[in-house]
Amino acid sequence: MIDNNIKLNYKRIKKLLNFKIALIISLILFSCNEEIVNNSNDLINTVKEHPNLILTKKGVEQIKTQLGNVPLFDKTLAKVKLEVDAEIASGIHVPIPKDLSGGYTHERHKLNYHILQKAGVLFQILDDEKYAIYIRDMLMEYAKMYPTLPLHPQERSYARGKIFWQCLNDSNWLVYVSQSYDCIYDWLDKEDRDYLENKLFKPFADFLSTGSPQFFNRVHNHSTWGNAAVGMIGLVMGDDELVNRALYGLKEDNIKEGAKDNDGGLIKEVGQKTGFLANIEAPFSPEGYYTEAPYYQRYAMYPFIIFAQGLYNVKPELKIFEYKDAVLLKAVYTLLNLTDLNGDFYPLNDAQKGMSYYSRELVSAVNIAYKVGGNDATLLSIIEKQNKVLLDDSGIAAAIAISEGETQPFVKKSMEITDGSDGTEGGIGIIRNSDSGTEMNLVMKYTAQGNSHGHYDKLSFLLYDNGDEVMQDYGMVRFVNIEQKGGGNYLKENNTWAKQTIAHNTIVQNEVSHFNGDFETGNKYSSEKYLFDVSDPNFQIVSAKENNAYPGTELHRTMAVIKNDNFENPFVIDIFKVQSKTNNQYDLPFFYLGQILGTNFEYETPKQLQTLGKSNGYQHLWQEAIGLNNKPNAKLTWFSNKRFYTLTTLTKEKDQLIFARLGANDPNFNLRKDPVFIIRKKDTKQTTFVSTIESHGNYNPVSEIAKNASSNISEINLIHDSVDYTAIKITDINNNDIILIISNLNNSKNQKHILNINEKQYKWEGPYYCK
C-alpha cells in the first residue's frame, strides 16, 4: 500500500511539473502577443480537474477527512471494496459477445461495468493505484475488441448493440464506464487517453447515436439511457458536440413517422422532439409521474438523475435540476409514493413484482435528491432503510446527516398523481387509511396508455392490506435476466395475457380488450378524472370515466375507502356504472389472492376443464366453476396472510359467477396459476356493478384460533340509479346503514343537490353524499 502511494504521488507530481513547465514556456513564447496570451489564459481557465462528473475533487477531499467516522458510509465502502477486490483477484474477463440476457457474456459484461464504476471511486477515495491499473487494463481490452465487433449476433432487438444484444444495454455500459473513466482521467497518460477515446469511447458514442438513430432519437426510456451515455462520456472528454447531441438529439435521423420497435411502440411521432431534454418534457407529468409507470420510471431514473448530476457539476449554467419546474427531483418523491407499505412499486403496466426502492437506481436517486434538493431530512429515513449510500458527494452528505441524528420519517399519504406532460391525461388515485393499526391501500389507475409498456386496463385497481396484495395486478410476463425463460426477455404471453384487459380488475366488454388491444388507438386516449377527495380520513373517494375504450360505451368507476366504527377495519366500496348504445356482455374480474373459504351461492364444477374463451387473454383461463345466484347479493370469502377477506357484490338473477384460473394454453409454464372471480352480466345496455371488499379478523396458526372470520355486511342495495345519480345502501349485521350517493354528471364542489329516494329527501353540496 505504501509503495503504491509513493508511485501514485510521484506520477501526479511529475504530471503537475510537466504541466507547469509547459505553461511557463507558453507564456514566455507568446508574451509579446497580448491577444494570444489572453487566449491562452482563457484556455487555461477552462481546464477542469477530474473527477468532476459524479464524484468530485471536493467530494473526495471531504470523504477522506470523514473515513472511519461515518458508519453507513464506512459500511458501504467496506462492502464495495470486498466485492471489487474479489473481481480484481479473478482477473480481467472481456469475452466476445454472443448471449442474450442471463447468458454468460451478457452477465459478464454487465458485471464488468458495475465493477469498473466502483473501482473508480475506490481509486479516488483510497488512493490505491491497483484500482486505476485494473480499470485501465480492462478498458484497453475493450478498446482492442470494440473496433472488431459487428452487430450482436442475437437479432431480437430493433436496435442491436455490439457488446450486448440491444443498444439499451450498451448504453448502460457507457453510463457506468463514463464514471470510471472520469475517476482515472488525470491518472492516465495522454497517449492512453487518446487511444481509449479514439478506439473506444468516441466510436461507442457515435454508434449509439448517429449509428442507431431509431434508438437514440425517440421519447422512451431506451433513448434516455442512450442520451445519458453519449452525454456523460462527452462531459468527461470535454466534447461539447456529444453533449449537445445528447441534450437535443440528432437533427436528422431519416426515420419515418409512425415507425415502431419490436414491442409495437412508436419510434417517431409527428412533431416529436428528441434528446435528453425532450425525454424530460414529454413523459413526465408536473408531479413527476413517468407515463410508462413505476417499474420503468425506476429503471429510467438512473440515467435521468445521474446524467443530471453530471450536468449539474460540469455545466451548472444549464440549471438542469430546475428544468421543467424541478421535475426530476419531484420524480424521486413520486416514485417513493408509488410503493406499498414494504417499499415495493405498484406493478402497473409492464412490471416485475418485488422491484422496490431498495434497487440501486433508487439508492442513487434518493441520495442525489437529498444533496441537490435541499437536504430533506425525510429522505434520510428511506436511505436508512436502503442501508447503503453512494460513494460520492451525495452519499457522504446523507451518511453524515444520518450519523448526526437528523433523520425524519418519510410519510406516504393519500394523493392523486396526474399523467401527461401537462397533467391532463388522467392519473393514479392512491388512497391510504392507516389509522386503525392496519393500512388499507387502494390504487386506482386512470392514466394514458403508457407507451409500448402500457396495458389495456382503463379504470383498473389494486388493493393492499398491510403491504400484502388483496386484489392484484399481474404485472408482466418476463423473467428478467433468467436465460432459460426466453433469454430473460418478454415472453409472448406478455401480449396474449398480461396486456389484455381480462388480466386486470376492470370491465371487459364482449370478451374484447380495451381499444381492441390496438396500441395506436389506445395511445390516443386517456381516462378522465372525475373526482378525488381525501380531505376526510374516514371517507376517501376516487372516481374516473372512460369513454373511448369501447366506442358507444361509457364507463364510470367510483371507489371509496371507508373507516367506520361499526367495522373492524377500513373497507372498500366499488361502484362501476356502464352505459352503452347496444346490448353487450360485461365481465368484471376480481383477481383475489388466497384460499377460498366459502360462498353464499351454489356453483358447479366441470368434470373436464375448458377455457373461458378463445382469444384476448380468455384462452389462458381455465373455467373451474360457475354459479348462478338467486339472491340479491353474492358473497365470496377467502383467507390470505392470516387474514380473512369478503367480497360482497350486487347480483341479478341471470348474472353468472365464474371461478377461473390462469394457466391454459401455456405449454412452457410461463404463467402463474392465479385465481380470479368474474361477475358476468349478459345482454344488457346499462348496468351498474356494486361491490364491497372487507378485511376482517385473523387466524393464529399457533393457537389455532380464528377470530371474526365472517363478513360484517348483511347486504348491499342499489336504491337509486339514473343518468344523474347513483345511490347505494350498505347494511351491516347489526342493521346499521351507510348511504352513498354519487352525482354522475356534475362534480362541482359547490353544486347543491336534492334527491328523493323511497320517500326520503337527501340534500347535500358537492359531487357525493355519504352518511
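Start by selecting helix 17 and colouring D393, S394, G395, I396, A397, A398, A399, I400, A401 and I402, because these are the buried residues of the helix. Keep in mind as you go that this is a predicted model. Helix 17 spans residues 393-403, and 10 of its 11 residues are buried, so you are looking at a mostly covered helix.

What lies over it? Show helix 3 (57-66), helix 4 (71-90), helix 15 and helix 16 (379-386), which are among the elements that cover the buried residues of helix 17. Before leaving, step just past the end of helix 17 to G405, where phi is positive at about 75°.

**Next stop: helix 16**

Now select helix 16, one of the neighbours you have just displayed. Helix 16 is mostly covered too, with 6 of its 8 residues buried. Pick out L379, L380, S381, I382, I383 and Q386 to see the buried ones. The cover over these residues includes helix 4, helix 14, helix 15 and helix 17. Just after helix 16, click on N387: this residue has a positive phi of about 60°.

**On to helices 14 and 15**

Helix 14 and helix 15 both help to cover helix 16, and they are worth a view of their own. Select residues 323-337 for helix 14 and residues 360-372 for helix 15; their axes come within 10 Å and cross at roughly 130°. Are the two parallel, perpendicular or oblique to each other? Helix 14 and helix 15 are oblique, because an angle of roughly 130° falls outside the 65 to 115 range for roughly perpendicular and is not over 145, the mark for roughly antiparallel. Turn the view to look through the pair, and note that the crossing is left-handed.

Show side chains at the contact next. On the helix 14 side, display L329, V332, L335 and L336; they meet L362, A365, V366, A369 and V372 of helix 15. How many of the residues in this contact are nonpolar, polar or charged? The contact between helix 14 and helix 15 has 9 nonpolar residues, no polar ones and no charged ones. While the side chains are on, a reminder helps: an α-helix has 3.6 residues a turn, so residues three or four places apart point the same way.

**Last stop: two cysteines**

Finally, select C183 and C770. C183 is buried, with a relative accessible area of 4%, whereas C770 is partly exposed, at 26%. Looking for disulfides, you will find that the count is 0.

How values were computed
Residues numbered from 1 in each chain as written. Predicted model: local features only at pLDDT ≥ 70, side-chain atom pairs only at ≥ 80, totals over all residues. Heavy atoms only, no water. Disulfide = S-S within 2.5 Å. Buried < 20%, exposed > 50% of the residue type's maximum accessible area, 1.4 Å probe, protein only. Axes fitted to C-alpha atoms, helices over the stretch in contact; angles between N-to-C directions. Helix = DSSP H or I, 4+ residues; strand = E, 2+ residues; numbered from the N terminus. Parallel < 35°, antiparallel > 145°, perpendicular 65-115°, else oblique. Left-handed = near helix turned anticlockwise from the far one by under 90°. Contact = heavy atoms within 4.5 Å. Nonpolar A, V, L, I, M, F, W, Y, C, P; charged D, E, K, R; others polar.
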